[in-house]
Amino acid sequence: MTAPMVFVDLDGTLTRTELLPAIARRAGLDEEMQRLTDDTLAGRLRFDVSFRRRVEMLRAVPIATVHEEILAAPVFERLLSMLLEHPERVVVVTGNLDVWVAPFLARHGLRGMASEADVVDGEVVGVRTVLNKGTAFDRFPSEFSIAIGDGANDAAMVRHADLGIAWCGVHAAARPLMEVADYAFAREESLCRFLQQWW
């Protein structure tokens with residue numbers, strides 16, 4: 001059996017929380033941020049539009065503070081541990097900003113694709129590009145692919161994969177994602193047991 005390449009979302013998939021709302025709490029912007037995040041996850045607001053708004057809200061938060069929040073975020077330990085058995089087969093595909101998620105990827109020795117930030121004098125001043133997750137397969141081609149995500153912006157990635165999984169571990173997966181996923185899981189143990197067949 002061909003070993004799979006696993007493309008996995010970060011916020012709410014590897015982490016047990018959505019990261020931007022966690023960062024927003026530090027800046028006292030949690031209510032507005034949560035509203036935007038909920039609308040985005042549900043597919044009511046396009047990810048690229050929502051993401052640019054949310055980054056604009058968080059521009060004043062120092063990058064170091066963002067790093068602290070992301071590195072402190074609880075993770076799905078069993079899932080992450082399993083993926084780290086073969087990190088060369090894992091690509092973290094996140095709409096989050098490259099400059100924000102870099103320490104998380106470095107800590108775990110994982111490759112990643114992310115939206116790109118414009119940074120001036122060590123501060124995020126905007127979003128240069130918003131990642132289209134469907135492009136991950138062009139950059140990391142494989143004979144057999146698995147994709148795991150939870151939000152509407154994961155639908156393109158999950159639809160493109162040979163095996164697409166909607167993850168409901170933090171909240172219900174977005175409807176656009178559920179419409180294209182082959183499987184859906186809400187318990188970490190069940191997801192890992194399923195993935196173990198190919199791992």
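## Strands and the sheet

Two strands count as paired here if DSSP finds at least two bridges between them. Helices (H or I, at least four residues) and strands (E, at least two) are DSSP runs, numbered from the N terminus. With that in hand, strand 2 and strand 3 run parallel and are joined by four bridges. In that pair, Val91 stands opposite Arg111 of strand 3.

A quick word on the source: this is a predicted model, with local features needing pLDDT of at least 70 and side-chain atom pairs counted only at pLDDT 80 or more, while totals for chains, interfaces and linings use all residues. Residues are numbered from 1 along each chain as its sequence is written, and side-chain values use heavy atoms, leaving out hydrogens and water.

Zooming out, the sheet is open and has seven strands in the order 4-3-2-1-5-6-7, with mixed pairing. Strand 4 and strand 7 (183-185) sit at the edges with a single partner strand each, so one side of each has no neighbour in the sheet. From one strand to the next the twist averages 25 degrees (axes are lines fitted to C-alpha atoms, for helices over the stretch in contact, and angles run from 0 to 180 degrees between N-to-C directions).

## The hairpin at strands 3 and 4

Strand 3 (residues 111-120) and strand 4 (residues 123-129) run antiparallel, with five bridges joining them. One contact to look at is Val119, whose bridge partner in strand 4 is Val124.

Two residues lie between the strands of this hairpin. What is the phi of Asp121 near? It is near 50 degrees, a positive value in a residue other than glycine. Asp121 belongs to the loop between strand 3 and strand 4, and at 76% relative accessibility it counts as exposed. For the cut-offs, buried means under 20% relative accessible area, exposed over 50%, and partly exposed in between (1.4 Å probe, protein chains only).

## Salt bridges

The rule asks for a side-chain nitrogen of Lys or Arg within 4 Å of a carboxyl oxygen of Asp or Glu. By this rule the count is nine salt bridges.

Take Lys133 and Asp154, whose side chains meet in a salt bridge at 2.5 Å, N to O. Lys133 is in the loop between strand 4 and helix 7 (136-139), and Asp154 is in the loop between strand 5 (145-149) and helix 8 (155-160), so the pair ties together parts that are 21 residues apart in sequence. Buried or exposed? Lys133 is buried, with a relative accessible area of 2%, and Asp154 is buried too, at 0%. Add Asp9, and you have a network of salt bridges linking Asp9, Lys133 and Asp154.

Arg46 and Asp48 form another salt bridge, with their closest N and O atoms 2.8 Å apart. Here Arg46 is exposed, with a relative accessible area of 56%, and Asp48 is partly exposed at 27%. Then there's Glu189 with Arg193, where the closest N and O atoms are 3.4 Å apart. Both of these residues lie in helix 10 (residues 188-195), four residues apart, or about one turn of the helix. Glu189 is partly exposed at 35% relative accessible area, and Arg193 is partly exposed at 48%.

## The cavity

Rolling a probe the size of a water molecule over the atoms shows where empty space is left. In practice, a cavity is a set of points, on a 1 Å grid over the protein atoms alone, where a 1.4 Å probe fits but cannot get out, and lining residues have an atom within 4 Å of a point. Grid points are joined across faces, edges and corners, and a volume is the space filled by probe spheres set on the points.

How many cavities of 30 Å³ or more does a search of the whole structure find? The search finds one. About 190 Å³ of space lies in the largest cavity, and 20 residues line it, with Asp11, Glu18, Phe47, Arg54 and Asn153 nearest its centre. Helix 1 (19-26), helix 2 (30-41), helix 3 (47-58) and strand 2 (90-97) are the elements that give two or more residues to this lining. By class, the lining has six nonpolar, seven polar and seven charged residues. Ala, Val, Leu, Ile, Met, Phe, Trp, Tyr, Cys and Pro count as nonpolar, Asp, Glu, Lys and Arg as charged, and the others, Gly among them, as polar.

## Just before helix 10

Arg187 lies in the loop between strand 7 and helix 10. At 48% relative accessibility, Arg187 counts as partly exposed. The C-alpha atoms of Arg187 and His160 are separated by 24 Å, and the two residues are 27 apart along the chain.

Methods
On a 1 Å grid over the protein atoms alone, a cavity is a set of points where a 1.4 Å probe fits but cannot get out, and a pocket is an open set with protein on both sides within 12 Å along at least five of seven lines; lining residues have an atom within 4 Å of a point.
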